[in-house]
Amino acid sequence: MRAGDVLGRVTLVTGKEEFLNERTITAVREVVRSHDPESEISETGAAELTLATLGELSAPSLFSTIRCVVVRSFEQLPDESVDGLLGYAASPAEDVALVLVHGGGPKGSGVLTKLRKLATVTESKSGELKPSEFPAFVASEVRVHGATIEQEAALFLVQAVGHDLRSLSAAAHQLTNDFPGQPLTVDRVKQYFGGRAEAKSFAVADAAFSGRRTAALEELRWALDGGTPAVLVTSAFAGSARGLARYKGAMRGMREADLAREVGVPPWKLRSIRDQSRGWSDSGLSRVIRAVAKADADIKGAASDPSYTLERLVLTVTALRDQR
């Protein structure tokens, strides 16, 4: 991004993903500041925006003619301000970078449609990520810092940290700083995030659905001893069961990328699901789904011993595998 991409233009930031929206806003500000260190940065909410207010915000100051104006919550723009804003957007001031931030949803969509038709408007969209897209986000964050990460390591990091983009970005930054110039492997990620409750829960579920009873029981004991909440374990089991059910219910002959989207996992994750599915019949999966639901209900109040409930769930799942 260069100064010419934002000065004398309008940057339209749309979408529900706040972290990505904020990243675009920061990038515009940095470009303006790099172009003129004395440039002025200002912000306002769209609800307070009038043509007069916009004129004040974009007018040259005593110290600098270069300005960056950020208007947040653009969906709250008053009706009486629409025509004035569209008129400005059609011919923006040459030394002003105007950023309009719309948080998603149908409100204000008519104004967005008109803005998108203007040659002076550049849109940056931030759609919500699907579950299968988070490992790719991690990989892209790692590449920004000049490193690489194994696919399995990216998935493990997502399982450990969760789906908060800000947290994933921070984790990627930490790992690349601590292992400069080195590829990030599963073992290296586990050094920092292997103790996370979510990762331990998935380890139990993966072992159980693969039919590895002893390993699953060991993983379960380590997870519970490490303070992993029982409800996270049943949640991981439910996710594994859903993934297998979707895989077995998908149309045959689909391209791998399409199949991954249908199942809700990255394409490379299909390998483990495909391997697990060979030991599961439809009736076995149906019984497992009921067993997981019962265990979840027990954990949430119907049973007094979560450890026993989870051990019974592991034994049930591993016993149902390979039954026809």
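# Exercises on a predicted model

Gly-279 is placed in the loop between helix H14 (270-277) and helix H15 (282-302). The model is predicted, and the exercises below start from this residue.

**Exercise 1. Decide whether Gly-279 is buried or exposed, and state how far its C-alpha atom is from that of Glu-18.**

Solution.
- Step 1: The relative accessibility of Gly-279 is 1%.
- Step 2: Buried means under 20%, so Gly-279 counts as buried.
- Step 3: Gly-279 and Glu-18 are 261 residues apart along the chain, and their C-alpha atoms are separated by 42 Å.

**Exercise 2. Describe how helix H12 packs against H14.**

Solution.
- Step 1: H12 covers residues 230-249, and its axis comes within 10 Å of the axis of H14.
- Step 2: The two axes cross at roughly 80 degrees.
- Step 3: Angles of 65 to 115 degrees count as roughly perpendicular, so H12 is roughly perpendicular to H14.
- Step 4: On the H12 side the residues are Gly-243, Leu-244, Tyr-247 and Lys-248; they meet Leu-270, Ile-273, Arg-274, Gln-276 and Ser-277 of H14.
- Step 5: Sorted by class, this contact of H12 with H14 holds four nonpolar, three polar and two charged residues.

**Exercise 3. Find the relative direction of helices H4 and H5, then list the residues that join them.**

Solution.
- Step 1: H4 (residues 82-90) and H5 (residues 109-116) pack with their axes 10 Å apart, at an angle of about 20 degrees.
- Step 2: Angles under 35 degrees count as roughly parallel, so H4 is roughly parallel to H5.
- Step 3: The crossing of H4 and H5 is right-handed.
- Step 4: H4 contributes Val-82, Leu-86 and Ala-89 to the contact, while H5 contributes Val-111, Lys-114 and Leu-115.
- Step 5: Of the residues in the contact of H4 with H5, five are nonpolar, none is polar and one is charged.

**Exercise 4. Ser-73 lies in the loop between strand E3 (67-72) and H4. State what is notable about its phi and how exposed Ser-73 is.**

Solution.
- Step 1: Most residues other than glycine have a negative phi.
- Step 2: Ser-73 is not a glycine, yet its phi is positive, about 50 degrees.
- Step 3: With a relative accessible area of 37%, Ser-73 is partly exposed.

**Exercise 5. Explain why H7 can be called largely enclosed, and place Ala-153 within that picture.**

Solution.
- Step 1: Nine of the eleven residues of H7 are buried, so H7 is largely enclosed by the rest of the structure.
- Step 2: The buried residues of H7 are Ala-153, Ala-154, Leu-155, Phe-156, Leu-157, Val-158, Gln-159, Ala-160 and Val-161.
- Step 3: Ala-153 belongs to H7, which spans residues 151-161, and has a relative accessibility of 0%.
- Step 4: Setting aside neighbours within four places in sequence, Ala-153 is in contact with Leu-184, Thr-185, Val-186 and Val-189.
- Step 5: Ala-153 and Asp-187 are 34 residues apart along the chain, with 7.9 Å between their C-alpha atoms.
- Step 6: After H7 comes Gly-162, which has a positive phi near 105 degrees.

**Exercise 6. Describe the packing of H2 and helix H8, then find the contacts of Leu-129.**

Solution.
- Step 1: H2 and H8 (residues 165-178) have axes 8 Å apart and pack at an angle of about 65 degrees.
- Step 2: The contact is formed by Phe-19, Leu-20 and Arg-23 from H2, together with Leu-165, Arg-166 and Ser-169 from H8.
- Step 3: The contact of H2 with H8 is made up of three nonpolar, one polar and two charged residues.
- Step 4: Leu-129 is found in the loop between strand E5 (121-125) and helix H6 (134-144), and is partly exposed at 22% relative accessible area.
- Step 5: Apart from neighbours within four places in sequence, Leu-129 is in contact with Leu-20, Phe-134, Phe-137 and Leu-165.
- Step 6: From C-alpha to C-alpha, Leu-129 and Leu-165 are 9.4 Å apart, with their positions 36 residues apart in sequence.

**Exercise 7. Locate Ser-39 and say which backbone oxygen its side chain reaches.**

Solution.
- Step 1: Ser-39 sits in the loop between helix H2 (18-35) and strand E2 (40-45).
- Step 2: Its relative accessible area is 4%, so Ser-39 is buried.
- Step 3: The side chain of Ser-39 reaches the backbone oxygen of Asp-36 at 2.8 Å.

Methods: Residues are numbered from 1 along each chain as its sequence is written. This is a predicted model: local features need pLDDT of at least 70, side-chain atom pairs count only at pLDDT 80 or more; totals for chains, interfaces and linings use all residues. Side-chain values use heavy atoms; hydrogens and water are left out. Helices (H or I, at least four residues) and strands (E, at least two) are DSSP runs, numbered from the N terminus. Buried means under 20% relative accessible area, exposed over 50%, partly exposed in between (1.4 Å probe, protein chains only). A polar contact is a pair of N or O atoms within 3.5 Å; within protein, one must be able to donate a hydrogen and the other to accept it, and residues adjacent in sequence count only if both atoms are side-chain atoms. Contact means heavy atoms within 4.5 Å. Axes are lines fitted to C-alpha atoms, for helices over the stretch in contact, and angles run from 0 to 180 degrees between N-to-C directions. Ala, Val, Leu, Ile, Met, Phe, Trp, Tyr, Cys and Pro count as nonpolar, Asp, Glu, Lys and Arg as charged, and the others, Gly among them, as polar. Angles under 35 degrees count as roughly parallel, over 145 as roughly antiparallel, 65 to 115 as roughly perpendicular and the rest as oblique. A crossing is left-handed if the near helix is turned anticlockwise from the far one by less than a right angle, and right-handed if clockwise.
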